[in-house]
Amino acid sequence: MAPAMNHPLTLARRSFLAGNAATLALMDRLHASVPPPQRVLEILAAHNTYRAAVGVPALQWSDSLAAGAQQWADYLASTGQFEHSDSRRRHGTPGIGENLLRAALASGYTATQLVDVWGYERRYFTGGIFPDVSSTGDWEDVGHYTQVVWRNTTQVGCSVATAYGTIVMVGRYSPPGNIDGQRAY
């Protein structure tokens with residue numbers, strides 16, 4: 001099997017961004033068609049740090065969720081769109097939660113820092129019954145965080161794609177969180 005760096009899509013992205021050594025180094029750290037074991041461990045550890053802080057069980061990594069997340073991340077990065085996938089596209093089954101993030105490629109975020117963007121929403125979390133969970137009155141201000149720490153979620157798979165100067169990270173969760181009438185934890 002050829003290394004991820006020789007994958008045609010990766011080579012095209014490297015050519016598009018040629019001449020920017022910092023960008024190429026970031027791509028090598030963050031992007032591959034299958035998340036490298038180090039990135040999987042980093043993303044999983046970042047999620048589980050937030051979960052441990054609120055006393056919920058650790059998540060397990062799902063390669064199938066990560067594969068679906070990679071397809072959606074590649075689509076979003078290549079088209080410049082930024083929207084949640086239709087639930088039927090999430091691994092072909094409804095019932096998969098999804099977090100999205102888009103950032104400037106030049107920001108140099110690590111995988112942990114990307115997850116921390118979602119975790120930073122906890123500053124508005126009030127611990128009520130969903131959707132009444134945000135001090136701002138809008139659950140969407142904490143929806144990424146609540147999905148990360150949702151007690152009934154047991155699996156996660158995340159992937160990253162880059163294009164046109166942006167990083168897109170997609171996280172997929174099973175079972176999904178953010179269920180009306182339930183507490184996050």
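**A four-stranded sheet and its cores**

In this predicted model, 4 strands build an open sheet, ordered E1-E3-E4-E2, with mixed pairing. The edges belong to strand E1 (60-61) and E2, each of which pairs on one side only. In general, the strands of a sheet are held to one another by backbone hydrogen bonds, in a parallel or an antiparallel arrangement.

Moving to the individual pairings, E3 and E4 run antiparallel and are joined by 9 bridges. Within this pair, valine 160 sits opposite methionine 169 of E4. On the E2 side, E4 (residues 166-174) pairs with E2 in the antiparallel sense as well, here over 8 bridges. Asparagine 99 has glycine 171 of E4 as its bridge partner. Although E2 is an edge strand, 6 of the 8 residues in this strand (residues 97-104) are buried, so E2 is largely enclosed by the rest of the structure.

Two helices are worth a look against this sheet. H3 lies across E1, E3 and E4, and runs at about 120° to E3. H5, for its part, lies across E2, E3 and E4, with an angle of about 65° to E4.

Then there is the packing. The largest nonpolar core counts 30 residues, and Ile43, Trp61, Trp118, Val156, Cys158 and Met169 have the most contacts inside it. At least two residues of this core come from each of helix H3 (37-53), E2, helix H5 (111-119), helix H6 (143-149), strand E3 (155-163) and E4. H3 makes the largest contribution, with 5 residues. Apart from this core lies another one, of 10 residues, among them Leu76, Ala161, Ala163 and Val170.

Tryptophan 61 gives a closer view of the packing. Leaving out residues up to four places away in sequence, tryptophan 61 touches Pro35, Val40, Ile43, Leu44, Ala66, Val156, Gly157 and Cys158. Among these partners, Ile43, Val156 and Cys158 also appear in the list of core residues with the most contacts.

Finally, a polar residue: threonine 153 is found in the loop between H6 and E3. Its relative accessibility is just 1%, against a cut-off of under 20%, so threonine 153 counts as buried. The side chain of threonine 153 makes a polar contact with that of glutamine 147, at 3.1 Å. Sequence neighbours within four places aside, threonine 153 is in contact with Arg51, Leu59, Gln147, Tyr173, Ser174, Pro175, Pro176 and Gly177.

Note on methods:
Residues are numbered from 1 along each chain as its sequence is written. This is a predicted model: local features need pLDDT of at least 70, side-chain atom pairs count only at pLDDT 80 or more; totals for chains, interfaces and linings use all residues. Side-chain values use heavy atoms; hydrogens and water are left out. Buried means under 20% relative accessible area, exposed over 50%, partly exposed in between (1.4 Å probe, protein chains only). Two strands pair if DSSP finds at least two bridges between them. A nonpolar core is a set of buried Ala, Val, Leu, Ile, Met, Phe, Trp, Tyr and Cys residues joined through side-chain atoms within 4.5 Å. Contact means heavy atoms within 4.5 Å. A polar contact is a pair of N or O atoms within 3.5 Å; within protein, one must be able to donate a hydrogen and the other to accept it, and residues adjacent in sequence count only if both atoms are side-chain atoms. Axes are lines fitted to C-alpha atoms, for helices over the stretch in contact, and angles run from 0 to 180 degrees between N-to-C directions.
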